[in-house]
Amino acid sequence: MSNAFTRNRLLWFAGGLVLAVIVLVFVAGWLAGRTTARHDEERAARAATQAAHAPAAGSALGRTDMQQIDALRRGIPVDQEAAPMPLARVENADRRRERAYPMQPPTIPHAIDGYQVDKNSNRCMLCHARANAEKFQAPPVSVTHYMDRDDQFLAAISPRRYFCNQCHVVQTDARLLVGNHFQTIDEVMAAAEAGTATAEASGKVQ
């Protein structure tokens with residue numbers, strides 16, 4: 001070891017210590033800056049995600065009026081208790097309704113509370129089976145319900161048509177959740193014919 005180093009050993013030690021502190025400060029600052037940048041990126045990503053999923057203006061989501069399509073909560077915020085709506089009454093008039101389109105399954109014009117339909121019993125068929133329809137003055141089940149998948153007629157109702165209320169449903173006086181302007185094909189054709197007749201009449205006047 002040289003004499004110069006021996007004489008300035010404290011100075012060299014102090015210089016090394018200062019250099020080590022400077023390096024530590026630099027590393028700590030670099031790590032802190034990197035963490036801050038990562039947090040900024042995460043916040044920006046969260047903000048972008050929230051903006052992407054935010055309901056658009058006019059969307060049903062987030063609206064609190066009664067016009068939105070929200071059958072379960074009716075627009076009431078999730079942190080508030082919703083008052084249950086009264087149960088709708090099932091129509092029980094025994095009047096057959098017109099079908100809206102040719103292949104529509106007929107609706108059930110009476111209440112079916114307590115009707116048992118399972119593998120051991122079918123309450124519907126008590127009145128609507130071919131053998132019982134006349135006795136109970138009920139519409140008999142369509143012949144298509146006695147056909148199997150191969151269009152072969154069976155003596156009893158086909159298993160694939162057995163559970164009646166999979167297709168046939170009762171009607172209630174519940175308020176419509178969505179406006180409906182459906183027109184049957186007869187109404188559409190009548191309106192078209194009326195429009196044609198009006199146009200022809202206008203042409204004759206001119």
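Is Tyr-162 buried or exposed? In this predicted model, Tyr-162 counts as buried, because its relative accessibility is 17% and the cut-off for buried is under 20%. That makes Tyr-162 a handy place to start a tour.

**Around Tyr-162**

Tyr-162 belongs to the largest nonpolar core, a set of 6 residues that also takes in Met-125, Ala-129, Val-141, Tyr-146 and Ile-157. Take Ile-157 from that group: leaving aside neighbours within four places in sequence, Ile-157 is in contact with Met-125, Val-141, Tyr-146 and Tyr-162, plus His-145.

Tyr-162 also has a ring partner. The model has 1 aromatic pair, and the two rings in it are those of Tyr-162 and Phe-163, set edge-to-face with 5.1 Å from centre to centre and 85° between the planes. Phe-163 counts as partly exposed, at 36% relative accessibility.

**Asn-122, a buried polar side chain**

Now for Asn-122, which sits in the loop between α2 (9-53) and α3 (125-128). Asn-122 counts as buried, with a relative accessibility of 11%. What does its side chain reach? One answer is the backbone oxygen of Tyr-162, at 3.0 Å; another is the backbone nitrogen of Cys-124, also at 3.0 Å. Skipping neighbours within four places in sequence, the contacts of Asn-122 are Gln-116, Val-117, Tyr-162 and Cys-164.

Here are the accessibility values for a few residues, side by side.

| Residue | Relative accessibility | Class |
|---|---|---|
| Asn-122 | 11% | buried |
| Cys-127 | 16% | buried |
| Tyr-162 | 17% | buried |
| Phe-163 | 36% | partly exposed |

**The cysteines**

How many disulfides does the structure hold? The count is 0. Cys-127, for one, is in no disulfide, and the nearest cysteine sulfur to it is that of Cys-124, 8.7 Å away. Cys-127 is buried too, with a relative accessible area of 16%. Why is Cys-167 not bonded to Cys-164? Because the sulfur of Cys-167 is 9.2 Å from that of Cys-164, its closest cysteine sulfur, and this is too far for a bond; a disulfide needs the two sulfur atoms within 2.5 Å.

**The annotated stretch**

Back towards the start of the chain, an unreviewed UniProt entry places a "transmembrane region" at residues 12-33. In the model, residues 12-33 are 100% helix and 0% strand, and the C-alpha atoms at the two ends of this stretch are 32 Å apart.

Methods: Residues are numbered from 1 along each chain as its sequence is written. This is a predicted model: local features need pLDDT of at least 70, side-chain atom pairs count only at pLDDT 80 or more; totals for chains, interfaces and linings use all residues. Side-chain values use heavy atoms; hydrogens and water are left out. A nonpolar core is a set of buried Ala, Val, Leu, Ile, Met, Phe, Trp, Tyr and Cys residues joined through side-chain atoms within 4.5 Å. Buried means under 20% relative accessible area, exposed over 50%, partly exposed in between (1.4 Å probe, protein chains only). Contact means heavy atoms within 4.5 Å. UniProt positions are given in the numbering used here, feature names are shortened, and annotations may be inferred rather than shown by experiment. Helices (H or I, at least four residues) and strands (E, at least two) are DSSP runs, numbered from the N terminus. A polar contact is a pair of N or O atoms within 3.5 Å; within protein, one must be able to donate a hydrogen and the other to accept it, and residues adjacent in sequence count only if both atoms are side-chain atoms. Rings of Phe, Tyr and Trp (its six-membered ring) pair if their centres lie within 6.5 Å; planes under 30 degrees apart count as stacked, over 60 as edge-to-face and the rest as tilted.
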